[in-house]
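Let's work through a few exercises together, one small step at a time. Have the sequence and the 3D view open while you read.

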Amino acid sequence: MEIKVLGMGNALVDILVRMPNDNILSQFNMPRGSMQLVDASQSAEIYEAVKGFNPQTVSGGSSSNTINGLANLGIATGMLGKIGRNELGTLFKNDLEQSGVETHLLMSDTPTGNCISLISPDSERTMATYLGAAVELNASEITDDLFYGFSHLYVEGYLVQNYDLIETAFRKAHDRGMTCCLDLASYNVVEEHAEFLKKLIKKYVDVVFANEEEATAFTGKEDTEALNEIGELCDIVVVKLGRRGSLVKFNDTVARVGILPQAAIDTTGAGDLYAAGFIYGLINGFSPEKCGEAGAILAGNVIEVVGTKMDSQRWNRIRQAIKKIQ
C-alpha cells in the first residue's frame, strides 16, 4: 500500500499574540497552558484586548500543523476538515495546498474557526478557540471514499467533543487496515472525556501522543507509570515531557529521548511538529528512539519561531538533521 497520511481535525486559523505578561490570562480567567473553547463574541472580546500586541494570522489547527510538517518532510498527505466561505477559509485552504497537501475541506456558511494563541514571556501558550465552521463536521460526512489511498489516519483529540464523529472516523480507518494515530490534545479535554478516550483507544488506536499533563489526566500517574498504563491500550505511546524530553514505548520497548538545546520563543505547535517527525520515523522504519529523535528535531526547531510555519532554509536543515540520525 502507498504511504499516505490523512489528518482530521479542526480547520482553524491561528492568531498568534506574544504578551509582555499574563495579565490577559487573569482578565479572562484562562489557566496557563490550557485550551478554552469560546464563542464568537468571547473570541472578539479577547482579540480586542490583545490587538495592540501586533497579532500574526496564519493557518493552524493541531492536525493541520502535523500534516503540514509531514508534507514538508516529503510524505504524501491529505487534510479533512470544515471551513467557512470567507477570507480565513481561503487562507487555510491555500496554505495547505501550497505545502502540497491534498485538501478534503467541506464548506459551511458559518465563519472559519480561529484560535487565539496567547504566548507568555516564558513561551508557554494558552489558547482561546472559536471553532466556527470546524465544529459542524459530523459523522454522516465521513464517507468511505475519503479514506481511499491513505495508509495512516492522524486525529487530534480536540474532536472528542463529538463522540460519533471521532469514533466513526477511527472505525472506518481501522476497518480499512490503516494505522490510527491520536493526539490527546489538552489536559482539560482529557479530564472531561477520559473514559470515552480509553474505550476508543483500546478498540481502534495504534499510536497515542500525550504530553505529561495529558498523560497524568488520563491515568492519574506520571512519566513511565503513565506511559505503561496507556501502553496497555495500544501498541505505541509517546509521552512528551517538555524540557525533559520524551518517553516512547513500542510494545515492550521503552526509550527515553532528549531535546535539542534550543532557546524557546513560542511553544505553539511543538507537540504537533513532534508528532510529524515521529510519524515520519515510524513510516521509514526507525527504531523507537530514532522516531523520538526525529520528533525532537522538529519540535526543537518550531519553538525557535513564532507560530508553526518555518521557512525553506530551516526545513532544509531539519531534513539534513534527520538524515544524520537514520
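Before we start, one definition: a residue counts as buried under 20% relative accessible area, as exposed over 50%, and as partly exposed in between. Keep in mind, too, that this is a predicted model.

**Exercise 1. Classify both partners of the salt bridge between Asp 109 and Arg 85.**

Step 1. Find the pair: the side chains of Asp 109 and Arg 85 meet with an N to O distance of 2.8 Å.

Step 2. Place the two residues. Asp 109 sits in the loop between strand 6 (102-108) and strand 7 (112-119), while Arg 85 sits in the loop between strand 5 and helix 4 (87-98). They are 24 residues apart, and the pair links distant parts of the chain.

Step 3. Apply the cut-off. Asp 109 has a relative accessible area of 73%, so it is exposed. Arg 85, at 55%, is exposed as well.

**Exercise 2. Is Lys 82 buried or exposed, and which parts of the chain does its salt bridge with Glu 141 tie together?**

Step 1. Start with the contact: Glu 141 and Lys 82 form a salt bridge through their side chains, at 2.8 Å from N to O.

Step 2. Locate the partners. Lys 82 belongs to strand 5 (residues 76-84) and Glu 141 to the loop between strand 8 (125-132) and strand 9 (152-156), so the bridge ties together parts that are 59 residues apart in sequence.

Step 3. Compare with the cut-off. Lys 82 has a relative accessible area of 6%, so it is buried. For Glu 141 the value is 22%, which means partly exposed.

**Exercise 3. Do the same for Glu 212 and Arg 244.**

Step 1. The closest N and O atoms of this salt bridge are 2.8 Å apart.

Step 2. Glu 212 lies in helix 7 (residues 212-219) and Arg 244 in the loop between strand 12 (236-240) and strand 13 (246-250), so parts 32 residues apart in sequence are tied together.

Step 3. Glu 212 is partly exposed at 26%, and Arg 244 is partly exposed at 41%.

Step 4. Now step back: the count for the model comes to 17 salt bridges. Asp 22, Arg 32 and Asp 122 are linked in a network of such bridges.

**Exercise 4. How are helix 3 and helix 9 arranged?**

Step 1. Read off the geometry. Helix 3 (residues 62-72) and helix 9 (residues 270-283) pack at an angle of about 45 degrees, and their axes are 8 Å apart.

Step 2. Turn the angle into a word: the two helices are therefore oblique to each other.

Step 3. List who touches. Helix 3 contributes Ser 62, Asn 65, Thr 66, Gly 69 and Leu 70, and helix 9 contributes Asp 272, Leu 273, Ala 275, Ala 276, Ile 279 and Tyr 280.

Step 4. Sort the contact residues by class: six are nonpolar, four polar and one charged.

Step 5. Look at helix 3 as a whole. Ten of its eleven residues are buried, so helix 3 is mostly covered. After helix 3 comes Gly 74, with a positive phi near 95 degrees.

**Exercise 5. Which residues does Ser 117 touch?**

Step 1. Find Ser 117 in strand 7.

Step 2. Check its surroundings: at 1% relative accessibility, Ser 117 counts as buried.

Step 3. Leaving out residues up to four places away in sequence, Ser 117 touches Ile 15, Leu 16, Val 17, Arg 125, Thr 126, Met 127 and Thr 268.

Conventions
Residues numbered from 1 in each chain as written. Predicted model: local features only at pLDDT ≥ 70, side-chain atom pairs only at ≥ 80, totals over all residues. Heavy atoms only, no water. Axes fitted to C-alpha atoms, helices over the stretch in contact; angles between N-to-C directions. Helix = DSSP H or I, 4+ residues; strand = E, 2+ residues; numbered from the N terminus. Parallel < 35°, antiparallel > 145°, perpendicular 65-115°, else oblique. Contact = heavy atoms within 4.5 Å. Nonpolar A, V, L, I, M, F, W, Y, C, P; charged D, E, K, R; others polar. Buried < 20%, exposed > 50% of the residue type's maximum accessible area, 1.4 Å probe, protein only. Salt bridge = Lys/Arg side-chain N within 4 Å of Asp/Glu carboxyl O.
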